[in-house]
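Subject: Structure handover

Dear colleague,

I am passing on the structure we spoke about, and below it you will find my notes on what turned up when I went through it. Please read them with the coordinates open beside you.

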Amino acid sequence: MAMKTNSTILLTGATGYVGGRLLPKLVDRGYQVRCLTRRPEALQSRNVANIEIIQGNVLDEDSLVKAMDGATAAYYLVHSMGSRKRFEREDRIAAERFASAAKKADLERIIYLGGLGDSNHQLSAHLKSRHEVGRIFRESGVKTIELRASVVIGSGSLSFEMVRALTERLPVLITPRWVSVPTQPIAVNDILSYLVQSLDVETTHSRVYEIGGSDIVTYGDLMKEYARQRGLKRWMISVPVLTPYLSSLWLGLVTPIYARIGRKLIDSIRNPTIVTDETAQEDFSIRPVDMQTAVASALINEDKQFAETRWSDALSSIGTLQDWGGVRFGSRIVDSRTALIRCKPEGAFRPIERIGGENGWYYGNFLWKIRGWIDLCFGGAGLRRGRRDPEHVRIGDALDFWRVEAVEPNRLIRLSAEMKLPGRAWLQFEVEPDSQGSIIRQTAIFDPVGLPGLLYWYALFPLHEFVFAGMLREIARRAQNSI
């Protein structure tokens with residue numbers, strides 16, 4: 001029987017990659033969504049309306065009881081893979097407490113996203129733990145829908161970011177044995193469709209559904225397809241002697257994945273993860289897309305805007321993505337800074353809207369002129385275009401060697417670079433009201449193409465740090481003086 005749209009649905013993992021994308025879909029369908037999270041502020045900042053937030057976690061029995069009170073169904077989208085402790089034990093205890101609370105609350109069903117893998121073969125510790133969690137739920141007496149998936153393709157997913165980072169940064173890929181293991185990747189949008197439909201799928205007992213995309217491929221195939229769509233030439237050299245431990249250290253050097261998580265991930269990759277039971281095709285009205293479409297969709301999503309959520313948002317991903325040169329988000333590198341000024345947003349926005357052209361760039365103008373001259377030498381626009389109006393901008397305006405891509409009065413301006421670059425670049429200014437006045441956030445974003453793009457960014461980063469920091473200080477000073 002279909003779940004009533006005004007039912008209360010408990011969502012765990014709402015600050016994570018999949019849960020963060022599932023949340024607005026459940027809200028849009030009219031469900032009363034209750035989120036259990038250790039960081040309420042992380043959800044409050046996402047401006048999702050009509051949700052209830054309860055602070056707690058799946059290891060805290062009291063918060064579980066509170067979160068399940070009056071709920072009809074619950075999503076379990078958490079794991080402990082990023083834990084420094086024995087993650088299998090933590091996952092087991094969490095599942096047992098969650099199942100016990102669900103039984104006491106008389107939940108109609110638990111929906112759990114686990115992992116593919118043949119349990120008759122020697123599974124990795126991670127996949128074995130994923131299967132154990134599902135078994136605990138099914139044996140609890142609460143009807144459980146367990147979805148077992150392989151690699152999730154989507155901008156921001158852990159596996160996709162690994163593929164992306166390796167392919168973007170290494171012209172020659174030293175590939176261990178696990179790169180040739182078969183897998184059945186699935187697009188994140190298809191995962192979300194399965195999760196939403198799991199509320200309505202007709203069943204009288206607990207079920208395990210294996211879900212995957214329409215192609216059986218390898219990680220090597222994924223890397224080649226990503227390179228093809230990004231216009232990169234890559235060569236692969238197979239080295240079968242790389243152990244999971246050595247591979248994880250290698251990943252830690254060239255990708256944003258911490259060695260601790262990388263080791264567990266690679267240990268799982270050695271297991272084939274393909275669909276052997278097609279029951280999901282019969283019980284769900286979903287026809288998953290192929291690998292090429294999934295990769296293209298991930299890249300298009302990132303072209304539109306930053307991915308809605310990232311694997312690094314998840315609380316289980318302990319560590320920091322900050323390294324010298326900015327913060328990494330997918331293929332993009334972000335350098336962001338803020339300034340607090342004691343004036344209203346319209347006053348803070350005024351000098352931002354006037355930037356460029358005859359007004360200059362407020363700091364290091366001689367360096368901007370040199371960059372413009374270099375751009376002209378390479379066939380670019382340089383600084384000669386200036387700006388249409390010295391006071392106001394509108395979408396589509398040329399602004400020296402930038403183009404105005406977005407404008408929200410007194411709140412945001414985003415400029416897209418039209419200079420010659422080994423990649424794409426944006427410069428964004430945002431103004432937000434604050435109890436003490438306004439906060440100006442300046443963000444430089446660079447999407448490098450291959451190794452030349454990375455070398456360009458890191459070579460110029462000290463100069464960017466000097467120019468952009470000075471620019472923000474001068475914007476703040478001019479805004480303050482205009483009061």
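To begin with one position, Asn57 touches Leu36, Arg38, Ser63 and Leu64, leaving aside residues up to four places away in sequence. Asn57 lies in the loop that runs between β3 (51–55) and α3 (61–68), and because its relative accessibility is 25%, Asn57 counts as partly exposed. Its C-alpha atom is separated by 9.8 Å from that of Phe98, a residue 41 positions away along the chain.

Please bear in mind that this is a predicted model, so the confidence values deserve attention before the details. The average pLDDT of the chain is 83, and 84% of the residues score at least 70. Over residues 256–260, however, the pLDDT is below 50, although the model gives this stretch 24 contacts beyond near neighbours in sequence. Residues 305–323 likewise stay under 50 in pLDDT, and for them the model has 60 contacts beyond four places in sequence. Where pLDDT is low, the predicted coordinates should not be read in detail, and I would ask you to treat those contact counts in that light.

As for the chain overall, it has 483 residues, of which 56% count as buried, and it contains 15 helices and 21 strands. Among the contacts with a separation of 6 or more, 73% are between residues 24 or more positions apart. The chain exposes about 21600 Å², with carbon and sulfur atoms supplying 52% of that area.

The aromatic residues gave me the most to report. The structure holds 17 aromatic pairs, and one of them is formed by Tyr76 and Tyr112, whose rings are 6.0 Å apart centre to centre with 55° between the planes, a tilted arrangement. This pair links distant parts of the chain, since Tyr76 belongs to strand β4 (residues 73–76) and Tyr112 to strand β5 (residues 109–115), with their positions 36 residues apart. Tyr76 counts as buried because its relative accessibility is 1%, and Tyr112 is buried as well, with a relative accessible area of 0%.

Tyr112 also pairs with Phe137: the ring centres are 5.6 Å apart and the planes stand at 80°, so this pair is edge-to-face. Here too distant parts of the chain are linked, with Tyr112 in strand β5 and Phe137 in helix α5 (residues 125–138), 25 residues apart. Both Tyr112 and Phe137 are buried.

Elsewhere, ring pairs link Trp361, Trp368, Phe401, Trp402 and Phe468 into a cluster. A further ring, that of Tyr363, has the charged end of Arg473 sitting over it, 5.5 Å from the ring centre.

Finally, there is a strand pairing to look at. Strand β16 (residues 332–341) is mostly covered, with 7 of its 10 residues buried, and 9 bridges join β16 to strand β21 (residues 437–448), the two running antiparallel. If you would like one position from which to follow this pairing, Ile341 has Ser438 in β21 as its bridge partner.

With best regards

Terms used
Residues numbered from 1 in each chain as written. Predicted model: local features only at pLDDT ≥ 70, side-chain atom pairs only at ≥ 80, totals over all residues. Heavy atoms only, no water. pLDDT = per-residue confidence, 0-100. Contact = heavy atoms within 4.5 Å. Phe/Tyr/Trp six-rings, centres within 6.5 Å; stacked < 30°, edge-to-face > 60°. Helix = DSSP H or I, 4+ residues; strand = E, 2+ residues; numbered from the N terminus. Buried < 20%, exposed > 50% of the residue type's maximum accessible area, 1.4 Å probe, protein only. Lys NZ or Arg CZ within 6 Å of the ring centre and 35° of its normal. Pairing = 2+ DSSP bridges. Areas by Shrake-Rupley, 256 points an atom, 1.4 Å probe, with all protein chains shown as cover.
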